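The following note is offered to accompany a reading of the structure. Please keep the sequence and the 3D view open while working through the points.

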Amino acid sequence: MRAPYLSARLQGLGTTIFAEMSALAVRTGAINLGQGFPDTDGPAEVLEAAVAAIRDGHNQYPPGIGVASLRQAIAQHQQRFWGMAFDPDTEALVTAGATEAVAASILALCDTGDEVVVFEPSYDTYAAVVAMAGARLRVVPLRAPDWSFDPDELRAAVGDRTKVVLLNSPHNPTGKVFTRDELALIAEVCVERDVIAVTDEVYEHLIYDGEHLPLASFPGMGERTVTISSAGKTFSLTGWKVGWACGPEPLIAAVRTAKQHLTFVNGAPFQPAIAVGLALGDDYYDGLREALRAKRDLLCDGLESAGLDVIRPAGTYFATVDLGARVDGMDWCRTLPERCGVVAIPSVVFYDEPVRGRHLVRFAFCKRDDVLAEAVVRLKGLSA
Ligand SMILES: Cc1ncc(COP(=O)(O)O)c(C=O)c1O
């Protein structure tokens, strides 16, 4: 057999930049603000619940749709925070993280040649799962610094072949929180063209300016939306990979068929523990948001005082720096550890059309305050 072994569908989709930057951080002793995972654990009661579940014997395959206590907690969470009602027995599915929920949705819903519309830049998994499904990606550009999009470009992207509009809000990597007017427009286009929406809402609780409005809550959208989220960001437990999809029964049944043949089931002892997390009081959710707001401001103020042009995010735990048209973000990130002992990610990896994101760089601020403070000291050295 002759190389290349990677199928034609996946050519060009093996992003190694996250691994390269993390390896660079280890080699140079730099502070890693590249990959987006917290450096502290989630709430103690959730950790304890997982330990108890393991001790109590929740160690075999759970039900395919997910354990009942978690599905009930997911339905209660959707009602409590967003006023949306889902039947926990037929309209909620537990998945191996939001990543599997997105992959299973696209694989379940798309036939070869169907089109999936995403806003660009986009979380790098989207292009890969669209390719795995044999579908085609259509992108609608978000333009810095406010990350707005042109409604005509959205209308032009959603055509006869469009099966799904895949929306991520709050949005990685930009930190954009889609506004009510923008969501109303997206909803209108979905209804008008009779397409399904799949929404990735993993940062739903990490909003500092604006508010989270699930697309499924807009007129005509409840019946055509798969709403996805996960425990990773909300409980600082990214390694547990417990996610979920909610939606009308026929859509969830379709997604469940794909999930069944991807992982079948996942995370038996973690599922009841996340049920405990979802039921935590408002003080937990408010505390998480306010702690991250302070981290956002700490990092963004520091980047500004280093003389960098920062686009302060409204949500998520990522901030973007615009280096200006003449600077290549990839080169800049590759030399940043040596220049000041910090690692960031070139945003170009989130673009289908690289030329659009060449000058942008993403920093993660989901790190301990002392780590961020030290990163700021180092970054200030850049301007010295
Ligand atoms: C937009 C987006 N969706 C999904 C994920 C992954 O979620 P999970 O770990 O639950 O699969 C991430 C993680 O960075 C993300 O940024």
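1. Polar contact through Lys-241. The model under discussion is predicted. In it, a polar atom in the side chain of Lys-241 is placed 2.7 Å from an oxygen atom of the ligand. The ligand on its own would expose 400 Å², of which the protein buries 92%.

2. Further polar contacts. Ser-230 also brings a polar side-chain atom to 2.7 Å from a ligand oxygen. For Lys-233, the distance between an N or O atom of the side chain and an oxygen atom of the ligand is 2.9 Å.

3. Surroundings of the ligand. There are 13 residues around the ligand, and those that come nearest are Thr-99, Asn-172, Asp-200, Tyr-203 and Lys-241. Sorted by class, this shell holds five nonpolar, five polar and three charged residues. Helix 4, which spans residues 97–109, supplies the largest share of the shell, with three residues.

4. A residue in another helix. Ala-375 belongs to helix 13, formed by residues 369–380. Is Ala-375 buried or exposed? Its relative accessibility is 0%, and therefore Ala-375 counts as buried, the cut-off for that term being under 20%.

5. Neighbours of Ala-375. When residues within four places in sequence are set aside, Ala-375 is in contact with Ile-31, Leu-33 and Val-342. The pair Ala-375 and Ala-98 is separated by 277 residues in sequence, and the C-alpha atoms of the two are 30 Å apart in space.

Terms used
Residues are numbered from 1 along each chain as its sequence is written. This is a predicted model: local features need pLDDT of at least 70, side-chain atom pairs count only at pLDDT 80 or more; totals for chains, interfaces and linings use all residues. Side-chain values use heavy atoms; hydrogens and water are left out. A residue is near a molecule or strand if one of its heavy atoms lies within 4 Å of it. A polar contact is a pair of N or O atoms within 3.5 Å; within protein, one must be able to donate a hydrogen and the other to accept it, and residues adjacent in sequence count only if both atoms are side-chain atoms. Accessible areas come from the Shrake-Rupley method with a 1.4 Å probe; for residues, only the protein chains shown count as cover. Helices (H or I, at least four residues) and strands (E, at least two) are DSSP runs, numbered from the N terminus. Ala, Val, Leu, Ile, Met, Phe, Trp, Tyr, Cys and Pro count as nonpolar, Asp, Glu, Lys and Arg as charged, and the others, Gly among them, as polar. Buried means under 20% relative accessible area, exposed over 50%, partly exposed in between (1.4 Å probe, protein chains only). Contact means heavy atoms within 4.5 Å.
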